[in-house]
Amino acid sequence: MARKYLTIHTRKNFDAAHYIPKTETKCQYTHGHTFTVDITIFGLDVPEKRMMVDFIDLKKEIVKLDHTLLNDTFQDPTAENLARFFANKAWDLSKSQYPHIISVTATVYETPDCDATITITEEEFTLPNQN
């Protein structure tokens, strides 16, 4: 019997300011972005469960940061750390509602061409040879 998998995706923008400490670039000064957060959740398809996670619950975590100074919440508010934060939130939320999750991916765009992506997975895997 074939296994079925399900993928859901949500995207939400928020506006916030931040500065990056311990750097000597223009990013050390307070500045703002319209951030875009993409969250993708992948898991086994279990039709009886109806939905993997409520999109509204996922977006609540993003909206909480709208029009804030990210440094008030994060010690080092880089795109990488924001991606980690949203991936962990999405993982915890989705695993509590739908135990058949295999992976969660979060991408945070500071600008349309600058982003950071992280994937949390239940399954272990080996990276291809990097030679």
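## Aromatic pairs

Ring pairs join F14, F35, F74, F85 and F86 into a cluster, and the structure, which is a predicted model, holds 5 aromatic pairs. One of these pairs brings together Y5 and F42, whose ring centres are 5.3 Å apart and whose planes meet at 15°, so the pair is stacked, given that planes under 30 degrees apart count as such. Because Y5 belongs to strand β1 (residues 5-18) and F42 to strand β2 (residues 31-44), this pair ties together parts that are 37 residues apart in sequence. With a relative accessibility of 40%, Y5 counts as partly exposed, and F42, at 28%, likewise counts as partly exposed.

The rings of F85 and F86 have their centres 5.2 Å apart, and their planes stand at 70°, so this pair is edge-to-face. As for their surroundings, F85 counts as partly exposed at 22% relative accessibility, whereas F86 is buried, with a relative accessible area of 1%.

## Helix α1

Which residues of α1 are buried? They are L58, E61 and I62, and because they cover an arc of only 100° around the axis, they lie on the same side of α1. The buried residues of this helix pack against β1, β2 and α2, the last of which spans residues 79-97.

At the N-terminal end of α1, D54 acts as a cap, with a side-chain oxygen placed 2.9 Å from the backbone nitrogen of I56.

## Overall architecture

The secondary structure of the chain comes to 2 helices and 5 strands, and, read from the N terminus on, the elements follow the order β-β-α-β-α-β-β. Taken along the principal axes, the box filled by the C-alpha atoms of the chain is roughly 55 × 45 × 25 Å.

Of the 131 residues in the chain, 35% are buried, and the exposed surface of the chain is about 8,500 Å², of which carbon and sulfur atoms supply 51%. Among the contacts in the chain with a separation of 6 or more, 66% are accounted for by residues 24 or more positions apart.

## Confidence of the model

The chain averages a pLDDT of 91, and 93% of the residues score at least 70. In the chain, confidence is lowest in helix α1 (residues 55-63), where the mean is 93, and highest in strand β3 (residues 68-69), where it is 98. Where pLDDT is low, the predicted coordinates should not be read in detail.

Notes. Residues numbered from 1 in each chain as written. Predicted model: local features only at pLDDT ≥ 70, side-chain atom pairs only at ≥ 80, totals over all residues. Heavy atoms only, no water. pLDDT = per-residue confidence, 0-100. Helix = DSSP H or I, 4+ residues; strand = E, 2+ residues; numbered from the N terminus. Phe/Tyr/Trp six-rings, centres within 6.5 Å; stacked < 30°, edge-to-face > 60°. Buried < 20%, exposed > 50% of the residue type's maximum accessible area, 1.4 Å probe, protein only. Arc of directions from axis to C-beta. Contact = heavy atoms within 4.5 Å. Polar contact = N/O pair within 3.5 Å; in protein donor to acceptor, adjacent residues only side chain to side chain. Areas by Shrake-Rupley, 256 points an atom, 1.4 Å probe, with all protein chains shown as cover.
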